[in-house]
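Welcome, and thanks for bringing your viewer along. Please load the model, switch on side chains, and keep the selection box handy.

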Amino acid sequence: MIEIFDFRKGIDDGILQKLHNRSKLENREIAKKVEEIISNVRERKDKALFEYTYMFDGINLDKSTVKVTKEEIKNAYKEVGEEFLKAIDKAIKNITEFHEKQKQSTWMDFKEGIIYGQIIRPLSQVGIYVPGGTAAYPSSVLMNGIPAKVAGVERIVMVSPASKKGINPYVLVAADRIGINEIYRVGGAQAVAALAFSTESIPKVDKIVGPGNIFVAMAKRALYGHVDIDMVAGPSEVLVIADEAANPKYVAADLLSQAEHDIMASSILVTTSLKVAQQVKTEIERQMEYLGRKEIIEKSLKNFGAIIVVNDLQEAIGIANDIAPEHLELNISNAFEIIGEIKNAGAVFVGEYSPEPLGDYLAGPNHVLPTSGTARFFSPLSVTDFIKKMNILYYSKDSLREAKEDVITLANSEGLTAHANSIKVRF
C-alpha cells in the first residue's frame, strides 16, 4: 500500500529517485526484439506484419481483412449507446475549440528591396497509434486526431490492435466522429514499423503519434528520423500539492484515478499537513475497495506511489519542479497565486474542482503530455506538432549589393570561399 514519507527534517533524494526511475526504455532485451521486428517488417512487409499480429494477438489477417470496413464502424454505433455519443460530441467540441486557438498563419515582412517570412504547411500524412491492451482509449483518438485535423492534415491513418471480437467499438465510433476512416487492426512495434516504411496494405506516413506499451514506445524512438514522432512517452503520473484545507476524499480519488492506468503509473501527494496525509491514506484504502482495477491500483501505489509531508508550499513546489510531472494538481487555497512559480509540468489543474480526469476526457486541453521528467523540455501535443514551416527570402539586386561585403566577409571567416564567390559573381 502507499506509504507516508516525512520530509520535514530533510528531503530524501533516494525516495524521489525511485519514483523517477520507472522507464524500461533502456531494457536491451526489449530493444533487441523491437529492432528485429522493425527489420522484419521493413524487409518482408505484410507477411511479417501479419505473422507478428498472429503471434502477439492471436488474429489471422491478410490484405483483405486488415482494414476496418464501413460496416464494422456502422455496427460499432449499435454497441456504444446514446449517452456516449452525447459525451463524445461535447468532448470533440471542447477539444476542437481549444486547439483552434493554436493555429498559426503564414507571415511576410517587407522592407525596401527585401521580403522574408515563413509559410505554414500541414503535414501530408500522419499515423495515429491507439492502444488496445488492458483498457480501450477513445479519448486518445480525439486528443491525437483533432489537433491533426485542425492543422489541416490531409490523410490520417489509425492503427489499433484488435481482439478476436475486433477493435473496441468506442474507439471506432470516436474515430468516425472526427472523420478518421482509414483504420487498420494491427498494433505493437510491427504496426509502428509498417507506418514508418509502408507495407502492401499500410501506407507510409510522415509522423507517428499516440501512446502505447514499451514495445510501441521503443519502436517510435528507434524509427525517429525515418519519420517524426510526438514523443517517447513513459508510464503516466500525477503529483498533487495539497495544503491543510484540501479535501482528503478528493485527493485520494485523484491519486487512485492515475494509479489505475497500469502498474507502472505513479501517484504522488506532496502536502504541508501530516493530518491530511494520514486522512488521504485512509481514504485511498476505503475507496479502492469498490474500484474495478483494484489489483493494478495496489501494485502501482505500492511501487510508485508516495505521500510526502513537507514544511511549506515552497518545498512542495520545489519537489514538483524537480519531478516535472505529467499532471500537476494544485489542491490548495489561493492556487492561482503560485502558478507563476510552477516551472515544470505537462498540465496544471487548478483547484479542487479541476481533477485530472476532466482534462483526460472533456475540458479541451490536450492530454498527450510529457512524462518521466521530460516536462522540463517537452510540451503537450498541439496543432504545432502537425505543421511544418518553410522560410522565404527575397533580395533585389540593390539590396544584395548593399549586403554583399558583409556576406563575403563572414563566408571568408569560415573558409568557405565558394560561398563568397556565389555573391561575387553577381557583381
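Which residues does Glu 326 touch, not counting residues up to four places away in sequence? Select Glu 326 and show its surroundings: the list is Pro 235, Ser 236, Glu 237, Gln 258, Gly 346, Ala 347, His 367, Leu 369, Pro 370 and Thr 371. Keep in mind as you look around that this is a predicted model.

**Stop one: Glu 326**

Glu 326 is half of an "active site" annotation in an unreviewed UniProt entry, which also covers His 327. Colour by secondary structure and you will find Glu 326 in the loop between helix H13 (313–323) and strand S12 (327–331). Its relative accessibility is 7%, and buried means under 20%, so Glu 326 counts as buried. Now draw a distance from its side chain to the backbone nitrogen of Glu 237: you should read 2.9 Å.

**Stop two: His 327**

Move on to His 327, which lies in strand S12. This residue is buried too, with a relative accessibility of 2%. Stay with Glu 237 for a moment, and pick its backbone oxygen: a polar atom of the His 327 side chain is 2.7 Å away. So what else does His 327 touch, again not counting residues up to four places away in sequence? Besides Glu 237, the contacts include Ser 236, Val 238, Leu 239, Gln 258, Phe 349, Glu 356 and Asp 360.

**Stop three: Tyr 129, Gln 190 and Asn 213**

Next, select Tyr 129, Gln 190 and Asn 213 together; UniProt lists them for "binding site", in an unreviewed entry. They span 85 residues in sequence, yet no two of their C-alpha atoms are more than 12.4 Å apart, so they gather at one spot.

Zoom in on Tyr 129, in strand S4 (residues 125–129). Is Tyr 129 buried or exposed? It counts as buried, at 4% relative accessibility. Leaving aside neighbours within four places in sequence, the residues in contact with Tyr 129 include Val 159, Pro 161, Gly 187, Ala 191, Val 209 and Val 216. Gly 188 is another contact, and its backbone nitrogen is 2.7 Å from a polar atom of the Tyr 129 side chain.

Finish at Asn 213, in the loop between strand S7 (207–209) and helix H9 (214–223). At 45% relative accessibility, Asn 213 counts as partly exposed. For a last distance, choose the backbone nitrogen of Val 216: a polar atom of the Asn 213 side chain lies 3.0 Å from it.

Key:
Residues numbered from 1 in each chain as written. Predicted model: local features only at pLDDT ≥ 70, side-chain atom pairs only at ≥ 80, totals over all residues. Heavy atoms only, no water. UniProt positions renumbered as here; feature names shortened; annotations may be inferred. Helix = DSSP H or I, 4+ residues; strand = E, 2+ residues; numbered from the N terminus. Buried < 20%, exposed > 50% of the residue type's maximum accessible area, 1.4 Å probe, protein only. Contact = heavy atoms within 4.5 Å. Polar contact = N/O pair within 3.5 Å; in protein donor to acceptor, adjacent residues only side chain to side chain.
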